[in-house]
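I opened this model to look up three things: a sheet, a pair of helices and the surroundings of a ligand. My notes follow.

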Amino acid sequence: MATPLLLAQQIFSAVSTSGVSNQHDMSGCANITASNATLVPNQAQAAGFPTDISSLITFLVSFSALRDWLKLIIFGSALETCRRLCLHFYTKIYNSFFITARFEEDDSSYDWMMVWLSKQPSWKTARDVQISTRTFNLNSNAVLIEGENEDPSSVVSGNRQLAYLPSESTVHSFWYKRRWVRVSRTIRQGYYNRREEVLELCILSTKHHVLNELLIEAKKTYQEAQENTISIYNSDSHNNWNHIASRPKRPLTSIVLDPGIKDLLIDDARDFLASKAWYSARGIPFRRGYLLYGAPGSGKTSIIHSLAGELGLDVYIISLSRSLLDDTALGELISELPEKCIALMEDIDAAFSQTLNRDLEAEETGEKSEKNGEQQNQGISPPPPPTSRITLSGLLNALDGVGAQEGRILFATTNKYSALDPALCRPGRMDIHIHFKLASKYQARELYRCFYLPDSEAKEFEAKTKKAAEKEAADDSGYTSVDEKTALVPSSSSSDAGSVVSGGPEPVTFNGSSHRSRGPQLSPAKVADLAAQFAEAIPEREFSMAALQGYLMAYKVRPFEAIKDARAWVEKERQEVAKKAAKAGKVAATSSSTELATTRASAYSSRGRGSRGRGSGSRGGRRGGYYTD
Ligand SMILES: Nc1ncnc2c1ncn2[C@@H]1O[C@H](COP(=O)(O)OP(=O)(O)OP(=O)(O)O)[C@@H](O)[C@H]1O
């Protein structure tokens with residue numbers, strides 16, 4: 001085989017030999033060729049370089065090494081062309097008989113397919129298996145190993161159950177509606193060496209509807225398996241929505257609010273979801289916003305999750321404080337929400353306190369950096385820099401700008417209602433504002449009932465409470481409209497009304513026995529009586545529902561002790577609060593005196609340095625005021 005070196009050698013020697021012989025010829029007749037321009041081509045020919053194509057080919061073919069190379073190139077090209085043609089025809093023929101569908105791991109359809117496949121008998125009996133504890137965002141394993149029964153306690157004990165899946169890179173086949181289906185799982189390396197799994201399905205069919213039927217069936221199977229859960233989505237740093245969890249639905253009855261609030265929310269949301277045509281006929285943007293504000297631990301987040309389950313909607317969490325989230329990214333995220341979903345912005349005030357801080361910082365840069373320096377000198381670390389880059393106008397635009405998604409329900413929560421900008425709270429952005437207060441006696445009583453009502457009575461009680469709640473809703477005399485928006489919030493007196501009651505949560509059952517069965521079995525009448533005693537011991541609007549829940553959790557199977565110890569617990573909690581308040585007061589006093597001292601020190605130092613602080617602008621003005629003190 002001729003190597004490129006051999007070829008180069010042959011050409012070089014051929015050219016140099018003809019060059020030398022021509023030099024001899026030319027030296028003999030120098031007088032004939034001198035100063036004749038027309039002789040140049042002849043000179044080139046004489047130097048051994050062919051001037052036309054045919055002689056060039058003859059010249060090149062005269063080298064044996066080049067001849068070998070040319071043969072190889074022609075033969076190789078012919079072979080490659082044949083291979084490509086065959087592949088092309090094979091793909092054409094294959095595609096006319098097979099339909100191929102690919103599912104990528106980070107897409108929900110992948111989970112649907114895996115769960116659906118897990119129900120196929122041949123998938124269950126695969127010979128080459130991969131052992132896994134993956135649940136495909138469901139609360140149960142896709143394929144349980146025979147002999148290992150579904151056991152809810154495994155979730156609590158941390159013993160995740162084993163499941164098996166057919167191995168990657170092996171092809172599995174089965175029949176679907178008399179069609180042969182080939183399935184393969186492959187792993188590939190994505191961006192940044194990310195592991196990506198792709199599921200490929202080939203169906204031997206010329207009709208596309210088979211794939212459609214299969215997909216619909218897979219989606220339905222998944223939804224059935226997911227029936228008692230809600231899906232939670234969050235955005236990643238690339239602004240894509242990712243499924244992060246599936247949570248069990250929380251029954252609305254397990255959340256005890258003042259009468260009417262739950263009905264107001266659920267009825268309004270249901271009415272909204274059914275009114276698309278009404279909105280479009282009137283040119284009103286098809287969006288609804290709810291602002292839930294008030295005490296921490298009063299049930300704001302819980303009611304949103306519960307409503308999502310009741311309405312069958314997924315929850316998309318928009319974390320305004322996520323690092324590097326800016327106005328453009330927020331707009332994109334909101335515009336990519338699916339049509340019917342719940343968008344949740346928790347602690348909406350947090351993002352704006354940062355924005356506010358930044359604005360102030362910009363205004364008072366000099367003052368702030370000086371203060372930071374002083375704090376550092378005293379060993380006090382400055383607050384962490386803000387990470388979110390959201391501005392108020394950016395959020396307002398994202399909520400109802402042209403790109404804002406239609407059909408979504410927005411829930412925003414805050415503990416600092418007064419810190420919110422009125423533009424954010426106006427109808428159209430936040431249509432309903434609901435105040436969540438600390439627990440009333442009514443709520444304490446109903447929470448107690450939820451805890452201790454016997455399992456057997458729970459269902460009946462639930463039905464009864466629903467009826468009572470409907471009756472209560474019909475009679476709206478107990479409500480006061482608290483603001484100019486559409487919100488109806490019960491007046492405090494109505495919270496004591498005994499006619500409306502709420503049911504208990506679904507009992508938590510482990511292997512057929514619940515903690516309730518370990519406690520004394522009480523009749524509903526007895527529970528009602530004890531609940532009233534408990535409510536008696538709990539002061540009105542002093543503790544959050546979360547605190548009461550925490551207290552009762554310690555008495556899960558001791559309903560009588562829960563009442564006996566309630567007053568002592570209240571006293572203890574009050575003392576704790578008083579202690580904390582005193583400590584906070586002390587810290588505030590110390591920090592304000594430190595601040596005063598540092599301000600004085602800086603004022604003196606400023607004075608020492610001349611009139612630096614008396615400059616123009618508000619900052620100078622403030623300092624100027626201090627000098628006169
Ligand atoms: N009204 C309520 N009924 C039943 N449980 C409640 C209620 N309020 C709070 N809880 C319980 O207290 C815990 C905290 O509730 P949740 O997170 O919903 O409060 P939140 O108002 O959203 O608090 P934060 O403002 O701090 O986020 C939950 O476990 C929930 O079960």
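**Sheet**

I looked up the strand order first and found an open sheet of seven strands, S8-S7-S10-S11-S12-S9-S13, with mixed pairing. Strands are DSSP runs of E of at least two residues, and helices are runs of H or I of at least four, both numbered from the N terminus. Two strands pair if DSSP finds at least two bridges between them. Strand S8 (241-248) and strand S13 (432-436) are at the edges, and each has a single partner strand, so one side of each lacks a neighbour in the sheet.

I noted that strand S9 (residues 288-294) runs parallel to S13, joined by five bridges. Leu292 has Ile434 in S13 as its bridge partner.

The model is predicted: local features need pLDDT of at least 70 and side-chain atom pairs 80 or more, while totals for chains, interfaces and linings use all residues. Residues are numbered from 1 along each chain as its sequence is written.

**Helix pair**

Next I checked which residues of H18 meet H22. Gln443, Ala444, Leu447, Tyr448 and Phe451 in H18 meet Met545, Leu548, Gln549 and Leu552 in H22; contact means C-beta atoms, placed from the backbone, within 7 Å.

**Ligand**

Which residues come nearest to the ligand? Of the 16 around the ligand, they are Pro296, Gly299, Ser302, Met545 and Ala546. A residue is near if its C-beta atom, placed from the backbone, lies within 6 Å. Helix H12 (300-311) and helix H22 (545-553) each give at least two residues to the shell.

Key:
Two residues are in contact if their C-beta atoms, placed from the backbone, lie within 7 Å.
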